[in-house]
Amino acid sequence: MTQNPAAAQKKITVLNQHNEKLVGVLHDTGSMEIVVLCHGFRSSKDFNTMVNLAVALEKEGISVFRFDFPGNGESEGSFQYGNYRREADDLHSVVEYFNGANRKVTAVLGHSKGGNVVLLYASKYHDVHTVINLSGRYNLEKGIAERLGKDFLEIIKKDSFIDVKNRAGNVEYRVTEESLMDRLNTNMHDACLQLDKGCRVLTIHGSADEIIPVEDALEFDKIIPNHKLHIIEGANHCYTSHQTELTPVILPFIKEGLQHPAAERGH
């Protein structure tokens, strides 16, 4: 692969299965292979971790596409609290788009909720064999009460929704009963058991993650068949002070996948 630090950045729109426009930025080095980056909950393609990783991979001659899920960033559609499997289908629309353009998505990486999405994607579609789960949540029943209050199930059964407000009292987003149930019915343990043995998974987690406990990464490590675990000491959920420690772990894992394509592993 040739070094090309001055890759072109192009805005690209992909239609998902619901005819919504997903907007993304392609860091195009001219490589046939593309790595797709997936942001987390109420985030976007412009989240600093996504941008920093895209630039770092681009410097190594690897093309990268970072995009907004529906209802986030510049993409169409309405924001939903759940939608884990639907976002995996959105990712499939992106992969299909590049495959149709004679490119090849060789790796998918997701942060936080995006980490769940890339694992769900690989468990369903089996066409990308390098998966990077950055701070994903293992048990999706956890972490809800912190946002919605401890009586969330009782309230949502009664009112059919909960409005999440900021400190000023303004509604930031609405959680419907349907979207909450979507999250509660998304079982990561079962999904991980559906992963191909030839699918290489790297989980990275910060030891000081204040949103999703580092123990979740250890649970993924127990059940994913072809798994590598890397804990970044002292890092929080967004790797605020540890951005530079991500690339040295992620880059070799992606490059290894390029050198040993799935075909060579009997897939």
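Let me start with L91. In this predicted model, and leaving aside residues up to four places away in sequence, L91 touches V36, C38, F67, V108, V118 and Y121. L91 is also one of the residues with the most contacts inside the largest nonpolar core, along with V36, F65 and F67. That core has 38 residues. The element that gives the most to the core is helix α3, residues 113-125, with 7 residues. Another core lies apart from it, with 24 residues, and V64, I132, I232 and L251 are among them.

Now the helix that holds L91. Helix α2 covers residues 84-100. From first C-alpha to last, α2 reaches 25 Å over its 17 residues, close to the 24 Å expected at 1.5 Å a residue. The buried residues in α2 are Y84, E87, A88, D89, D90, L91, H92, S93, V94, V95 and F98. Note the charged residues in that list, including E87, D89 and D90. Just after α2, N102 has a positive phi, about 60 degrees.

Next, the aromatics. The search over the whole structure gives 10 aromatic pairs. One of them is F65 with F98, which is edge-to-face, at 5.0 Å centre to centre and 70 degrees between the planes. This pair links distant parts of the chain, since F65 is in strand β4, residues 63-67, while F98 is in helix α2, 33 residues apart. Are these two residues buried or exposed? F65 counts as buried because its relative accessibility is 0%. F98 is at 2%, so F98 counts as buried too, the cut-off being under 20%. Both residues belong to one aromatic cluster, together with F67, F69 and Y97.

There are also charges over rings. The charged end of K113 sits over the ring of Y84, 4.9 Å from the ring centre. For R200, the charged end sits over the ring of F253, at 3.9 Å from the centre.

Last, helix α1, residues 48-59. Its 12 residues reach 17 Å from first C-alpha to last, and 16 Å is expected at 1.5 Å a residue, so to speak a close match. On the buried side of the count, α1 has T49, M50, L53, A54, A56, L57 and E58. Just after α1 comes G61, with a positive phi of about 85 degrees.

To go back to the start: L91 is buried in α2, and L91 is among the residues with the most contacts inside the 38-residue core. That is what I have.

Notes: Residues are numbered from 1 along each chain as its sequence is written. This is a predicted model: local features need pLDDT of at least 70, side-chain atom pairs count only at pLDDT 80 or more; totals for chains, interfaces and linings use all residues. Side-chain values use heavy atoms; hydrogens and water are left out. Rings of Phe, Tyr and Trp (its six-membered ring) pair if their centres lie within 6.5 Å; planes under 30 degrees apart count as stacked, over 60 as edge-to-face and the rest as tilted. Helices (H or I, at least four residues) and strands (E, at least two) are DSSP runs, numbered from the N terminus. Buried means under 20% relative accessible area, exposed over 50%, partly exposed in between (1.4 Å probe, protein chains only). A charge sits over a ring if NZ of Lys or CZ of Arg is within 6 Å of the ring centre and within 35 degrees of the ring normal. A nonpolar core is a set of buried Ala, Val, Leu, Ile, Met, Phe, Trp, Tyr and Cys residues joined through side-chain atoms within 4.5 Å. Contact means heavy atoms within 4.5 Å.
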